[in-house]
Amino acid sequence: MRFSGDRLRLSPHALITNLEGLMDTTLEVLDQVVIRFAGDSGDGMQLTGGQFTQTSAIVGNDLATLPDFPAEIRAPAGTTYGVSAYQLNFSSLDIHTPGDAPDVLVAMNPAAMITNLGMLKRGGTIIVNSDAFDKKNLDLAGYTSNPLDDGSLSGYQVFSLPLSKGTLAAVEGLGLSTKEAGRCKNFYTLGLLYWIYNRPLDTTMKWIDEKFGKKPQFAEANRKALIAGYNLGETVDLFTTRYDVKPAKLTPGKYRNIMGNQAVALGMVAACQKTGLQGFLGSYPITPASDILHEMSRFKQFGFVTFQAEDEIAAITSAIGAAYGGALAFTTTSGPGVALKGEAIGLAVMTETPIVICNIQRGGPSTGLPTKTEQADLLQALYGRNGECPVPVVAAQTPGDCFYALLEAARIATKFMTPVFLLTDGYLANGAEPWRIPAAADLPDMKVQFHTDPDTFHPYDRNEWNARPWAVPGTPGLEHRIGGLEKENITGNINYGSENHEAMVKLRAAKVAGIANDIPELEILGDQEGGDLLILGWGSTYGAIRAAVERKREQGYSVSQAHLRHLNPLPRNTAEVLWKFKHVAIPEMNMGQLLKVIRAEFLVDAEGWNKVQGLPFFASEIEARIAQTLSPRN
Amino acid sequence: MDTEQIANGVALDIPVPVLPKQSARDFASTADVRWCPGCGDYAILAQVQRTLPDFDRKKEDYVFVSGIGCSSRFPYYMNCYGIHSIHGRAPAVASGLKVMRPDLSVWIVTGDGDGLSIGGNHLMHLLRRNFDCNLLLFNNRIYGLTKGQYSPTSEEGKKTKSTPFGSVDHPINPVLLALGCETTFVSRTIDREGKHQQEMYRRAYHHKGSSFVEIYQNCNIFNDGAFENLTDKKVKSDNVIAIEHGKPLVFGLNDDKGIKLDGFRPVVVSLTDGSHTVDDLLVYDETNHELAYIIARLTDNPGFPVPIGIFLAVHRETYEDLAQRQLAYAKEKLGPGDLDEILNEGDTWVVS
């Protein structure tokens with residue numbers, strides 16, 4: 001039977017419980033579910049996953065997501081290289097990762113099945129669009145027989161449903177072409193998943209209305225598809241169990257769902273407000289950083305200027321020009337862009353100009369894996385320039401933390417008059433989590449004062465932090481010239497003298513090293529007095545390490561975690577923390593870059609746990625390494 | 001309005017100066033000038049320092065931005081604000097500065113290597129965006145600071161340190177490049193022509209939009225005499241034509257020659273053999289893009305004089321004005337930005 005869309009929109013759950021003639025379904029409460037949506041690039045899986053995420057966030061679950069999409073915009077339909085996936089972990093517990101092995105795989109075609117089946121939990125659930133399992137698609141995916149009827153999926157619980165046909169039937173009569181009607185199948189599928197996981201439809205209904213406001217025909221079709229998918233759960237006689245995941249016990253407060261790139265963008269606006277400076281972003285489009293440029297271009301009411309530059313070099317040099325003029329200037333890019341910006345970063349170091357360089361890291365080298373995540377630009381950030389060229393480096397650890405990491409980078413840049421790197425990565429950029437919304441008034445004040453007094457002015461004078469004054473053009477009596485040639489301290493005059501050069505190299509190094517006195521000490525999460533194993537991490541590995549360490553500690557392992565927000569300078573107690581532990585392991589999504597730094601700086605025989613697959617760590621991978629290294633204490 | 005009126009600011013609503021009169025000396029920094037003795041850069045520096053005091057603007061409101069090369073040392077010698085940036089990138093530095101600080105008078109100093117080779121990309125984009133900046137391109141047709149390699153404006157076949165058999169590169173005509181970018185003010189002058197230079201700088205300053213000034217500049221160490229036929233008193237009048245808005249294209253000793261258009265094709269005619277009079281000549285119009293292109297093509301074209309002066313002066317909105325207007329529009333439409341509002345944007349929920 002069918003319900004009318006209008007009635008359902010009001011209160012789907014209430015309606016369903018009042019329906020007659022339905023088969024009995026039981027409701028099972030789960031702590032945690034990991035769903036992986038996979039389909040063609042054109043199937044709208046990112047959208048489907050995003051909507052499920054948003055709804056789950058509003059239900060109150062803790063969650064973490066992992067969008068996993070190809071670099072191609074629309075690879076040929078049905079091919080394995082065109083498969084786009086979105087993994088979501090939603091839970092009533094405090095979780096830290098998008099989950100290791102999915103419990104549920106939604107496969108919209110054979111290519112999505114063949115590329116994602118290996119990740120699925122043994123005995124997991126598969127929901128497939130049987131309409132897409134025709135000869136052509138099976139051939140494209142490389143199947144020699146149809147997995148839906150050759151028995152190869154017998155280890156899984158398979159729900160094979162004609163999702164395409166169901167969608168076409170649901171939107172029939174709205175005057176859509178077959179192609180247009182077919183596009184609604186992601187909402188049909190989403191509706192089914194909402195039914196299985198007992199989610200309300202209203203968040204997505206609202207989204208559809210907003211998104212398709214100007215095209216009421218499409219809005220109506222997508223609404224109908226969503227409702228029909230929801231109804232399918234009731235009527236299809238396949239599903240005997242529905243599941244519920246209760247709200248998580250999060251810190252009280254007001255929450256929203258946030259992705260890393262959004263958080264960086266909000267951080268930029270906040271940093272401008274807190275420093276009292278007008279904002280400037282010079283950027284050249286690059287995956288996975290472009291969304292920050294898109295976000296910032298919406299915030300013109302704040303007086304924030306976005307400049308889509310002609311190339312990566314112009315993006316950073318325009319930021320240097322803007323900062324010279326007194327703006328809080330940012331540039332956003334990914335690794336290949338940082339490679340191009342190297343010389344300009346040196347100019348900002350030499351001229352002691354505050355800018356923030358955001359590197360949303362991706363797989364390298366060269367073009368590498370544009371849409372996949374990696375942490376392999378740490379050494380580039382630390383050392384990737386000509387000359388002795390120290391730059392402070394700050395790294396974000398979760399999507400929401402990108403906001404605070406950006407604020408910290410801006411604070412250091414303006415207080416110490418230096419370019420600062422913010423490192424995030426593709427996983428943080430596109431991953432989402434519930435984020436407790438801060439009040440603007442509670443954010444730390446970072447007010448900037450320009451120098452204006454001609455009597456006390458020297459361009460390269462130093463304050464107690466070794467920072468030089470920020471004197472902007474237009475200020476009478478402070479006319480001065482800066483540039484990339486070596487400077488004399490205090491006067492800022494050009495000076496090629498050998499002793500002056502060495503003194504200035506040391507001064508620039510000391511200025512950056514001195515930031516260690518202005519940042520928090522490294523915290524140990526675990527055994528404060530030390531123990532058998534410390535897992536030292538940085539950046540987006542935080543969640544996987546956190547989850548693994550928590551579980552292993554529950555099992556009695558003497559394992560602790562320390563996570564670096566500042567990579568340059570390192571917290572002043574880093575050595576002290578490391579030396580408290582018998583073993584130090586450093587998981588990184590690279591070949592061991594922090595590892596090299598730690599070994600070189602502290603002569604600690606740390607061990608690298610490395611993964612360079614364009615994918616974040618699974619907590620289970622880290623757990624396994626912990627178990628290999630230690631035995632439980634009790 | 002005629003050129004003189006524009007040049008003198010009569011028609012441009014320029015306020016009467018109220019500042020204490022500044023002098024060339026006020027614009028000279030205390031830094032020792034380190035160009036080679038005899039370099040054409042000295043003359044350019046002197047003319048810029050001589051011109052700026054005529055404008056109603058305090059010296060702290062000028063910024064000189066440069067890249068790398070001999071010409072790029074220029075900012076150090078001006079007692080204004082200045083950035084000596086990195087090779088080729090001065091236009092990009094200036095773009096960021098100007099969009100944030102439209103109140104400043106921003107001058108870019110570059111050369112044929114800095115501006116047309118390594119920085120060609122940025123030059124092009126600054127000009128097409130029409131930032132209200134004045135770009136002085138010192139063209140000496142050689143790399144000076146790296147000691148004598150050929151540049152993008154070096155003539156074909158030129159023998160230099162890096163081209164002992166002669167260069168096989170076809171040179172670029174900077175004025176044509178600027179016209180191709182639809183630059184709103186395009187001009188050319190010569191280091192030895194003091195008055196003409198001042199006139200170009202004055203017009204560039206008053207022009208709202210990107211002002212491109214190519215300056216033929218002699219490098220007496222690595223490319224001495226590159227422009228001798230344009231500066232030598234004995235021959236220059238036959239080799240140079242100073243184009244002026246509203247005036248016929250006359251040149252030569254005693255103004256004995258002129259240029260007329262035969263269809264779209266310019267031809268040199270004699271004004272003394274009785275075949276042509278001044279009335280037959282082309283009258284220059286600095287607002288005519290097509291004419292600017294035709295005349296710019298005379299450069300280094302055998303049988304024609306090299307044109308100097310203002311090729312094009314037209315109005316188009318500047319990048320920074322358009323950008324500032326968008327900010328104002330957003331503020332008006334959305335209200336002044338509220339950080340709490342955007343932090344709370346979208347779907348939210350409360351955990352208690």
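Here are a few questions and answers about this predicted model.

User: Where in chain A does the pLDDT drop below 50?
Analyst: Chain A has a mean pLDDT of 94, and 96% of its residues reach 70 or more. One stretch sits below 50, and beyond near neighbours in sequence it has 16 contacts in the model. That stretch is residues 1-21.

User: Which element of chain A gives the largest share of the side that touches chain B?
Analyst: On the chain A side, 57 residues are in contact with 51 residues of chain B. Several elements supply at least two residues each, including helix H3 (45-59), helix H11 (260-275) and helix H13 (312-324). The largest share is 9 residues, and it comes from H13(A).

User: How many residues on that side of chain A are nonpolar?
Analyst: The side of chain A that touches chain B splits into three classes. Charged residues number 8 and polar ones 18, while the nonpolar count is 31.

User: Which residue is the bridge partner of Tyr255(A) in S12(B)?
Analyst: S9(A) covers 253-259, and S9(A) pairs with strand S12 (residues 348-351) of chain B in the antiparallel sense, over 4 bridges. Within S12(B), the partner of Tyr255(A) is Trp349(B).

User: Which helix gives the most to the largest nonpolar core?
Analyst: That core holds 197 residues, and Leu406(A) and Leu422(A) touch the most other members. Leaving aside neighbours within four places in sequence, the contacts of Leu422(A) include Ala405(A), Leu406(A) and Ala409(A). The helix spanning residues 401-416 of chain A gives 11 residues to the core, and that helix is H16.

User: Is Met417(A), with its positive phi, buried or exposed?
Analyst: Most residues other than glycine have a negative phi. Met417(A) has phi near 50°, and it lies in the loop between H16 and strand S15 (419-425) of chain A. The cut-off for burial is 20 or more other C-beta atoms within 10 Å. Met417(A) has 23 of them, so it counts as buried.

User: And why does Asp237(A) count as exposed or buried?
Analyst: Asp237(A) also has a positive phi, near 65°, and sits in the loop between helix H10 (216-235) and strand S8 (241-245) of chain A. A residue is exposed at 12 or fewer C-beta neighbours within 10 Å. Asp237(A) has 8 inside 10 Å, so it counts as exposed.

User: What is omega for the cis bond between Asn568(A) and Pro569(A)?
Analyst: Most peptide bonds are trans. Pro569(A) is in the loop between strand S20 (566-568) and helix H20 (574-579) of chain A. The bond joining Asn568(A) and Pro569(A) is cis, with omega about -5°.

Definitions and conventions: Residues are numbered from 1 along each chain as its sequence is written. Chains are lettered from A and ligands numbered from 1 in the order in which they are written. This is a predicted model: local features need pLDDT of at least 70, side-chain atom pairs count only at pLDDT 80 or more; totals for chains, interfaces and linings use all residues. pLDDT is the predictor's confidence in each residue, from 0 to 100. Two residues are in contact if their C-beta atoms, placed from the backbone, lie within 7 Å. Ala, Val, Leu, Ile, Met, Phe, Trp, Tyr, Cys and Pro count as nonpolar, Asp, Glu, Lys and Arg as charged, and the others, Gly among them, as polar. Two strands pair if DSSP finds at least two bridges between them. A nonpolar core is a set of buried Ala, Val, Leu, Ile, Met, Phe, Trp, Tyr and Cys residues joined through C-beta atoms within 7 Å.
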